[in-house]
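The following exercises ask the reader to work from a sequence and a structure towards a description of both. Each task is followed by a solution in steps.

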Protein chains: 2
Amino acid sequence: MLDKTLRMNYLFDFYQSLLTPKQRKYMSLYYLDDFSLGEIAEEFEVSRQAVYDNIKRTEAMLEEYEEKLSLLVRFEERQQILNHLRTAIQSNAAPEEIIEHIQSLEKLD
Amino acid sequence: MLDKTLRMNYLFDFYQSLLTPKQRKYMSLYYLDDFSLGEIAEEFEVSRQAVYDNIKRTEAMLEEYEEKLSLLVRFEERQQILNHLRTAIQSNAAPEEIIEHIQSLEKLD
């Protein structure tokens with residue numbers, strides 16, 4: 001399992017288009033720009049608790065989308081096969097082995 | 001652009017986890033099992049119009065998800081590069097050319 005911040009960065013990257021503009025803004029400031037909850041609260045003239053609640057809800061939504069669509073899991077699986085494929089090509093592996101990696105990629109979709 | 005039925009089959013495949021059980025059931029009967037609206041209406045003891053409205057709404061939702069997440073577009077782009085990659089390997093292309101295809105795949109993610 002990835003570190004929480006890194007994981008949220010990835011999930012935000014994959015699913016941000018499904019969030020509201022406000023959710024996107026808070027998440028982006030908190031996770032990408034490293035603002036504190038207090039700083040975001042000040043910026044938007046709301047309570048720190050309101051920002052905290054919104055971010056927690058958004059995190060739960062992102063996890064729910066990942067549970068349903070598995071975009072992060074599938075991304076990681078593809079990256080792993082691409083690494084194997086790259087290594088196979090750089091070490092002059094037999095074409096059959098290389099084709100097998102390509103078939104694994106096709107099956108993932 | 002794909003034929004409407006084929007496109008809906010793909011979109012349903014990618015996004016069905018985001019639909020309600022009823023939406024999934026109607027779409028599956030209509031698009032995968034080729035039931036008519038009347039047959040679905042009879043099966044669920046609702047009006048033909050109710051089935052029609054539900055399916056139209058679901059189709060619009062699937063298109064909206066595709067607009068936001070582009071899973072079908074990205075699937076098609078990956079398949080195209082995988083075809084190029086397969087051809088390159090089968091025709092003994094230079095490793096540099098093959099690595100370029102792999103980089104294109106990595107960039108898509």
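A residue is called buried when its relative accessible area is under 20%, exposed when that area is over 50%, and partly exposed in between (1.4 Å probe, protein chains only). The structure is a predicted model, in which local features need pLDDT of at least 70, side-chain atom pairs count only at pLDDT 80 or more, and totals for chains, interfaces and linings use all residues. Residues are numbered from 1 along each chain as its sequence is written, chains are lettered from A and ligands numbered from 1 in the order in which they are written, and side-chain values use heavy atoms, with hydrogens and water left out.

**Exercise 1.** Determine whether A:Q23 counts as buried or exposed, and state which residues A:Q23 touches.

*Solution.* Step 1: locate the residue. A:Q23 belongs to helix 2 (residues 21-32) of chain A; helices are DSSP runs (H or I, at least four residues), numbered from the N terminus, and strands are runs of E with at least two.
Step 2: apply the cut-off. The relative accessibility of A:Q23 is 9%, and therefore A:Q23 counts as buried.
Step 3: list the contacts, where contact means heavy atoms within 4.5 Å. Not counting residues up to four places away in sequence, A:Q23 touches A:N54, A:T58 and A:M61.

**Exercise 2.** Identify the residues that touch the most other members of the largest nonpolar core.

*Solution.* Step 1: recall the term. A nonpolar core is a set of buried Ala, Val, Leu, Ile, Met, Phe, Trp, Tyr and Cys residues joined through side-chain atoms within 4.5 Å.
Step 2: read off the members. The largest core has 44 residues, and those touching the most other members are A:Y15, A:I55, A:L62, B:Y15, B:I55 and B:L62.
Step 3: examine one of them. Leaving aside neighbours within four places in sequence, A:L62 is in contact with A:M8, A:L11, A:F12, A:Y15, A:L19 and A:M27.

**Exercise 3.** Describe how chain B is related to chain A and how many residues each contributes to the contact.

*Solution.* Step 1: superpose the copies, by least squares on the C-alpha atoms of residues with pLDDT of at least 70 in both. A turn of 180° with a shift of 0.0 Å along the axis lays chain B on chain A with an RMSD of 0.0 Å. This is the relation of a two-fold axis.
Step 2: compare the surfaces. Because 100% of the interface residues of chain B are also interface residues in chain A, the copies meet through the same surface.
Step 3: count the residues. Chain B and chain A each give 24 residues to the contact.

**Exercise 4.** State where the salt bridge partners A:R7 and A:E63 lie, and compare this pair with B:K4 and B:E59.

*Solution.* Step 1: apply the criterion, a side-chain nitrogen of Lys or Arg within 4 Å of a carboxyl oxygen of Asp or Glu. In the bridge between A:R7 and A:E63, the closest N and O atoms are 2.8 Å apart.
Step 2: place the partners. A:R7 is in helix 1 (residues 4-15) and A:E63 in helix 4 (residues 48-69) of chain A, 56 residues apart.
Step 3: check accessibility. A:R7 is buried at 16%, while A:E63 is partly exposed at 27%.
Step 4: turn to chain B. B:K4 and B:E59 meet in a salt bridge of 3.3 Å, N to O. B:K4 lies in helix 1 and B:E59 in helix 4 of chain B, so the pair ties together parts 55 residues apart in sequence. B:K4 counts as partly exposed at 42%, whereas B:E59 counts as buried at 6%.
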